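Reader: I'm in my first year and still learning how to look at a protein. Could you take me on a close look at the inside of this one, and then show me how that part fits with the rest?

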Amino acid sequence: MPSVSETLGAALGNAARKAGIDPATQASTGHVVWAAMGGWRGVAESVIPSLAFILAFTLWPGEGMGKLIPALIISVGIAVVFTVIRFAMRQPPAAAIGGLVAALAAAALALLTGNASNNFVPGLLTNAGYGLAMLVSAIVGWPIIGLAAGYLMGEGTAWRRSVRKRRVFTGLTIVWAALFLLRLAVQLPVYIASLQPGQQDGAVALLGTLKLVMGLPLFAPVLAITWLTIQALYRRERADAVVSGA
């Protein structure tokens, strides 16, 4: 029976492979990063609904629910359109459905509370969860990046016998933890400030802007660094093996 670490590694590796991160393809770093982001459609699905919400809430006349409801209808409506397009084109709808579910959850929370800033709470919780999971996994010696990379490179958890690999995978996992926790550290104070009377409109625009700026623009370089580092790590291992066998 597979261990918990093997099962988790297989799940993470499969998810990475479906996202386009597959060493077997011998693709360039740029291609891998672009594939992981979902190409132009993935970028659009990630950016446009949030951007539409910010613009609609900021520019729509009125105040309170009179601004919030139209902004939510527009952003959720765009997410629905993306999902329908994927189904119509018989393309994997997982990314669009995930975005739609997230948009619906955020919209429901904002509507139930009447606070537009709560539209960003699911994102804050996601960053907190991912950041803590990455950090804890690195601390306990089972870095998440190592579990995923081990499966992708066909060695399971055998990488734990290599001091070099453990250090590299731990470092990379801490970098990912820092990315998620940095987002939280920057955005959470703005969210808290938005709960103060008279601060909501400006805080919503700032939160939305921070979400976009700290989203794909930070994700892409961290993924590229991770990919290049892992590739270099395994190339060095193969070179060492050749030298040892010579």
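Author: Let's start with the largest nonpolar core, which has 28 residues. The ones with the most contacts inside this core are Ile 21, Met 134, Ile 145, Phe 169, Trp 176 and Ile 230. Keep in mind that you're looking at a predicted model. Four helices each supply at least two residues of the core: H2 (29-36), H7 (144-152), H8 (163-194) and H10 (216-245). The largest share comes from H10, with 8 residues. In general, nonpolar side chains tend to be buried together in soluble globular proteins.

Now click on Ile 230. Leaving out residues up to four places away in sequence, Ile 230 touches Ile 145, Ala 149, Phe 169 and Leu 172. There's also a second, separate core of 24 residues, and among them are Val 76, Ala 79, Val 190 and Ala 203.

Next, take H2, one of the helices that feed the largest core. The buried residues of H2 are Thr 29, Val 32 and Val 33. Those residues sit on the same side of H2, because the arc they cover around the axis is only 95°. A general rule helps here: an α-helix has 3.6 residues a turn, so residues three or four places apart point the same way. Just after H2 comes Gly 38, with a positive phi near 90°.

Not everything buried is nonpolar, so look along H8, where you'll find Gln 187. Gln 187 counts as buried because its relative accessibility is 7%, under the 20% cut-off. Setting aside neighbours within four places in sequence, Gln 187 is in contact with Leu 124, Leu 207, Leu 210, Lys 211 and Met 214.

H8 also holds Lys 165, which counts as buried because its relative accessibility is just 2%. Lys 165 has a salt bridge with Glu 155, at 3.1 Å from N to O. Glu 155 is in the loop between H7 and H8, so this pair ties together parts 10 residues apart in sequence. Lys 165 also forms a salt bridge with Glu 237, with the closest N and O atoms 2.6 Å apart. That pair reaches across distant parts of the chain, from H8 to H10, 72 residues apart. Put those together and Glu 155, Lys 165 and Glu 237 form a linked network of salt bridges. Both acids count as partly exposed: Glu 155 because its relative accessibility is 21%, and Glu 237 because its value is 33%.

The structure holds 3 salt bridges, and one of them joins Glu 45 to Arg 86, with the closest N and O atoms 2.7 Å apart. Glu 45 is in helix H3 (residues 39-59) and Arg 86 is in helix H4, so the pair ties together parts 41 residues apart in sequence. Glu 45 and Arg 86 are both buried.

For a contrast, stay with H4 but move to the outside. Met 65, Ile 69, Ile 73 and Leu 111 make a nonpolar surface patch of about 340 Å². Helix H4 (residues 65-88) gives the largest share of the patch, 3 residues. Ile 73 belongs to H4 and counts as exposed because its relative accessibility is 58%.

Finally, zoom out. The protein has 10 helices and 0 strands, and 39% of its 246 residues count as buried. Among contacts with a separation of 6 or more, 70% are between residues 24 or more positions apart.

Technical notes:
Residues are numbered from 1 along each chain as its sequence is written. This is a predicted model: local features need pLDDT of at least 70, side-chain atom pairs count only at pLDDT 80 or more; totals for chains, interfaces and linings use all residues. Side-chain values use heavy atoms; hydrogens and water are left out. A nonpolar core is a set of buried Ala, Val, Leu, Ile, Met, Phe, Trp, Tyr and Cys residues joined through side-chain atoms within 4.5 Å. Buried means under 20% relative accessible area, exposed over 50%, partly exposed in between (1.4 Å probe, protein chains only). Contact means heavy atoms within 4.5 Å. Patches are made of residues with over 30% relative accessible area and no salt bridge: like charges are joined within 9 Å, nonpolar side chains (Val, Leu, Ile, Met, Phe, Trp, Tyr) within 5 Å. Accessible areas come from the Shrake-Rupley method with a 1.4 Å probe; for residues, only the protein chains shown count as cover. A salt bridge is a side-chain nitrogen of Lys or Arg within 4 Å of a carboxyl oxygen of Asp or Glu. The arc is that of the directions from the helix axis to the C-beta atoms.
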